[in-house]
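This report describes a few local features of one structure. It deals with strand pairing and then with backbone angles.

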Amino acid sequence: MTVQLSRLWLPNPPTLPREFGPRRGTQFPTPLAATAILSSQPSTIQIVGGRSPSWSENEYNNANSTFEGCEEENDWINLQADLQHWTKALRPVQWYPGHIAKTEKELKEQLKLMDVVIEVRDARIPMSTSHPQMDLWLGNRKRVLVLNREDMISSADRNAWATYFASQGTKVVFSNGQLGMGTMKLSRLSKALAGGVNVKRRSKGLLPRAVRAGIVGYPNVGKSSLINRLLKRRMCPAAPRPGVTRELRWVHFGKDLELLDSPGIIPMRISDQSAAIKLAICDDIGERSYDVIDVAAILVQMLKRLPSVGREALHKRYKIDVDSHCGKTFVQKVALQLFNGDVHQAAFRVLTDFRRGRLGWIALERPPR
């Protein structure tokens, strides 16, 4: 790992544990590369180091076609290890607005009334948008898993996740809350899973009632947009930022289904900082909780390592060569070329381009092996 403190390049620190150390062939920035860094910017830790890509520079152009199967899976594993390595130098990302604590308490009470729970996750990061307490809260209650923003990942990623969750016995629906894809399938599946409710009521001489479904998940994963698409009208406030929904609200979908829209819930403390960085990249956590420049730099480093993206996509978008392993250097080049040296604006542009799909259909996670 190479660091920059007070604009001086220091030698490598003591040898890291083998699992986070660089592999053979790693190329670190030379002292000349330091000149690319803006002298006007405050000195910060450069996010560099970790393992080098598992292919050489000469082989890079063939990466998309040659890295499949086990080799591609190994590269994803190596990338996850490197992400943990990169985050160690950063300020921890934590975000827990006051309304979430109140919401969590109320939601636990409402879940007792649910016939089925619809858990919404971000299809780009399904594992990072999984609440660690969700299984405990739901118990044996029936659940439908919705992977929203399915238009922002490739068909190969969708198939991989569909296979994984099927092996776990979890009902999964891929959706696009903005365009309404998957909403009718979700409605049918929810009613089918909770169909036994009215059978029991009739056996007791009670009149049938609407199925009660609670929609839960992390902030900004698209819960309210999904409900609005189901209802075909704007019943719930929705915006492309976390923390818009602040209170629980019941809405009716015809006579057969009642939906509970809930604010996003997130753990009080995020112990996995690699997951926290992915939440920041995908805009599923409040912007005040992280440094935009650091997050954009890590995103660049991740994209360079993904065979489905690589350096070519970054060069095509920004017309800038990606010539080092340091993502922050690339962000600073974008700042010089497009924003008169404003690194913050450049970082925000890189993140926005990713969030709006301008860099391609990109998942940042693959199913666990």
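Two strands pair if DSSP finds at least two bridges between them. Helices (H or I, at least four residues) and strands (E, at least two) are DSSP runs, numbered from the N terminus. This is a predicted model in which local features need pLDDT of at least 70 and side-chain atom pairs count only at pLDDT 80 or more, while totals for chains, interfaces and linings use all residues. Residues are numbered from 1 along each chain as its sequence is written, and side-chain values use heavy atoms, with hydrogens and water left out.

Strand S8 covers residues 257-261. With strand S6 (residues 211-217), S8 pairs in the parallel sense over five bridges; alanine 213 has leucine 259 of S8 as its bridge partner. With strand S7 (residues 249-253), the pairing is antiparallel, over five bridges, and tryptophan 250 stands opposite leucine 260 in S8. S7 and S8 form a hairpin with three residues between them, and glycine 254 in that turn has a positive phi of about 65°.

Buried means under 20% relative accessible area, exposed over 50%, and partly exposed in between (1.4 Å probe, protein chains only). Four of the five residues of S8 are buried, so the strand is largely enclosed by the rest of the structure.

Most residues other than glycine have a negative phi. The table lists two non-glycine residues with a positive value.

| Residue | Phi | Loop between | Relative accessible area |
|---|---|---|---|
| Asparagine 220 | about 60° | S6 and helix H8 (223-231) | 12%, buried |
| Lysine 319 | near 55° | helix H11 (310-318) and helix H12 (327-338) | 56%, exposed |
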